[in-house]
Amino acid sequence: MTEKYLLAIDQSTQGTKALLIDQRNQVFWKTILTHKQISNHPDWISHDLAEIKANLFLLFKKALQQIKPEQLLGLAITNQRESAAAWSRKTGNPLCQTIVWQDNRASSVVKSIANLELQREVKALTGLALSPYFTGAKWNWMLINEPKVAQAAKNNDLCLGTMDSWLIYQLTNGQSFKTEPSNACRTQLMNIHTGSWDKKLAQIFKIDLSYLPEIISSNGSFGETDLFGLLPFQIPILSVLGDSQAALFAHGCFLPGDYKITFGTGSSIMLNIGNHLPQNIQNKLNTSIAWSLNGKTTYVLEGNINYAGASISWLKDKLDLIKTPAETSNLALNADSEDHTILIPAFAGLGAPYWKNDISAAFVGMKITTSKNELVRATLNSLVYQITDVLKEFKTLYPNVNHVIHVDGGMIHNKYLMQYLSDITQKKVKVATISELSALGTAMNAMKHTKAADFNQVYIPKMKAELADSYLQEWHHWLSKLD
């Protein structure tokens with residue numbers, strides 16, 4: 001019997017991965033192509049859609065060198081969320097660079113509409129705090145500041161989408177313009193109560209709903225593709241999930257109270273809360289949709305940290321403190337235990353649960369003896385402190401939170417970080433066997449599999465709760481100083 005494979009595409013912030021996953025949820029083959037991080041203005045981060053499409057074509061060619069075309073079951077997509085794309089409905093060509101989710105340029109849009117009443121209304125309709133982080137404000141900025149986007153709108157030739165719908169449009173040669181709830185709910189244009197685009201929200205952000213894709217279930221019919229002409233026949237696009245929700249799926253977090261932490265460019269802490277929205281939607285976290293399967297919706301609470309792996313890239317690329325991210329674990333382990341340096345990683349403000357958009361990043365508490373080791377450790381520690389504050393907020397909103405933390409992403413191999421996470425949270429940490437949980441999750445959704453991914457390492461707390469709490473108090477002390 002010939003083995004069959006699901007081709008999974010993980011279009012992430014740093015690059016695009018292609019994976020062949022068999023029917024036992026095992027990764028048979030994988031590769032990645034990175035793309036440029038375009039930052040030609042403070043707080044701006046963009047991607048070139050044409051570069052990403054060209055990379056996707058090369059990835060497909062490599063995948064088809066591994067197997068025969070008839071071995072493909074179909075295609076599944078997972079993607080960076082909140083990033084804003086705009087393209088021509090007629091040609092499919094990009095009209096401007098993608099505004100990446102980390103990008104803060106739409107803060108001017110948010111400030112112009114951010115009265116208290118409107119903030120509460122947006123939160124009530126979307127479950128999300130009004131913020132330039134989400135896609136609606138980014139599209140508004142495009143319509144004002146990108147001439148090609150504005151002209152396409154006038155010519156009824158404009159498509160606005162998150163990365164999933166742009167990929168689907170390209171893969172189907174413009175035949176399918178669709179998205180699904182795990183992505184649509186992060187735009188601040190979808191009503192989280194109805195699962196549909198909302199006229200009131202569209203008015204707030206000045207977005208015509210005709211520019212937006214159709215919302216269908218996460219395991220719905222997204223069209224068919226011949227992989228840009230590389231296949232002699234069409235294969236179905238069977239699954240689409242935002243990257244964080246796809247990781248939750250792969251962890252098998254299907255029960256209310258289950259949660260996971262994804263360590264990517266940013267970090268997503270996501271808690272399954274079941275099939276009902278929380279009673280208090282006006283909270284410090286984001287209420288989102290995990291997935292909609294056959295029309296049945298599962299909701300999540302989520303805290304997002306803008307800079308996780310991106311902070312390590314900053315240490316490497318901007319401060320030249322490290323050559324590779326792998327160095328950080330040993331450097332942190334060899335830091336002076338008496339040094340109390342803390343990094344406030346507010347490179348684009350701080351997100352949940354603080355929502356401090358206007359503060360700047362800073363190292364605080366340094367001494368003349370503070371060295372590279374202590375700065376690296378402070379950077380890793382800052383991620384753990386933010387995660388712990390999100391978990392505490394989970395507990396206030398949903399008391400039945402599981403005691404086990406499921407983790408995935410590129411930073412799970414950092415032994416210092418994983419142990420410190422267990423120490424400060426005082427919880428057991430289960431580390432996924434593979435880093436590519438998002439790709440695995442969307443593949444599992446496509447193949448209707450619900451067996452959780454394996455874990456190969458467990459960390460348990462080694463620090464006394466009183467000491468862990470004292471470190472958190474230091475963190476909160478310095479945060480209050482920056483208000």
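Begin by selecting Ser39, Ile45, Tyr307, Ala310 and Lys318: of the 18 residues that line the second largest pocket, these lie nearest its centre. A pocket here is an open set of points on a 1 Å grid over the protein atoms alone, with protein on both sides within 12 Å along at least five of seven lines, and lining residues have an atom within 4 Å of a point. The space in this second largest pocket is about 550 Å³, a volume being the space filled by probe spheres set on the points, which are joined across faces, edges and corners. Its lining divides into eight nonpolar, seven polar and three charged residues. In this division Ala, Val, Leu, Ile, Met, Phe, Trp, Tyr, Cys and Pro count as nonpolar, Asp, Glu, Lys and Arg as charged, and the others, Gly among them, as polar.

The model is predicted: local features need pLDDT of at least 70 and side-chain atom pairs count only at pLDDT 80 or more, while totals for chains, interfaces and linings use all residues. Residues are numbered from 1 along each chain as its sequence is written, and side-chain values use heavy atoms, with hydrogens and water left out.

**The largest pocket**

Next, select Gln14, Phe263, Gly264, Thr265 and Gly410. The largest pocket holds about 1,100 Å³ of space, and these five are the closest to its centre among 45 lining residues. Helix α10 (residues 309-317) supplies the largest share of that lining, six residues. Helices (H or I, at least four residues) and strands (E, at least two) are DSSP runs, numbered from the N terminus. By class, the lining has 11 nonpolar, 24 polar and 10 charged residues.

**Enclosed space**

A cavity is a set of points where a 1.4 Å probe fits but cannot get out; the whole structure has three of 30 Å³ or more. The largest cavity has a volume of about 130 Å³. Select Ser131, Tyr133, Asn306, Ala348 and Asn357, the closest to its centre of the 17 residues that line it. The second largest cavity, of about 60 Å³, has a lining that includes Asn304, Asn306, Tyr307 and Gln386. No charged residues occur in this second lining, which has six nonpolar and five polar ones.

**Strands β17 and β18**

Move to strand β17 (residues 286-293), where seven of eight residues are buried, that is, under 20% relative accessible area (exposed is over 50%, partly exposed in between; 1.4 Å probe, protein chains only). Seven bridges join β17 to the antiparallel strand β18 (residues 296-305); two strands pair if DSSP finds at least two bridges between them. Serine 288 has valine 300 of β18 as its bridge partner. In the two-residue turn of this hairpin, asparagine 294 has a positive phi of about 55°.

**Salt bridges**

Now display glutamate 302 and arginine 186, whose side chains meet in a salt bridge (3.0 Å, N to O). Glutamate 302 lies in β18 and arginine 186 in the loop between α7 (181-184) and β10 (190-191), so the pair ties together parts 116 residues apart in sequence. Glutamate 302 is buried at 0% relative accessible area, and arginine 186 is buried at 0% as well. A salt bridge is a side-chain nitrogen of Lys or Arg within 4 Å of a carboxyl oxygen of Asp or Glu. Add Arg81, Glu82 and Asp243, which are linked with Arg186 and Glu302 in a network of salt bridges.

**Helix α9**

Finally, select helix α9 (residues 243-250): seven of its eight residues are buried, so the helix is largely enclosed by the rest of the structure. Among the buried residues are Gln245, Leu248 and Phe249. Just after α9, glycine 252 takes a positive phi of about 70°.
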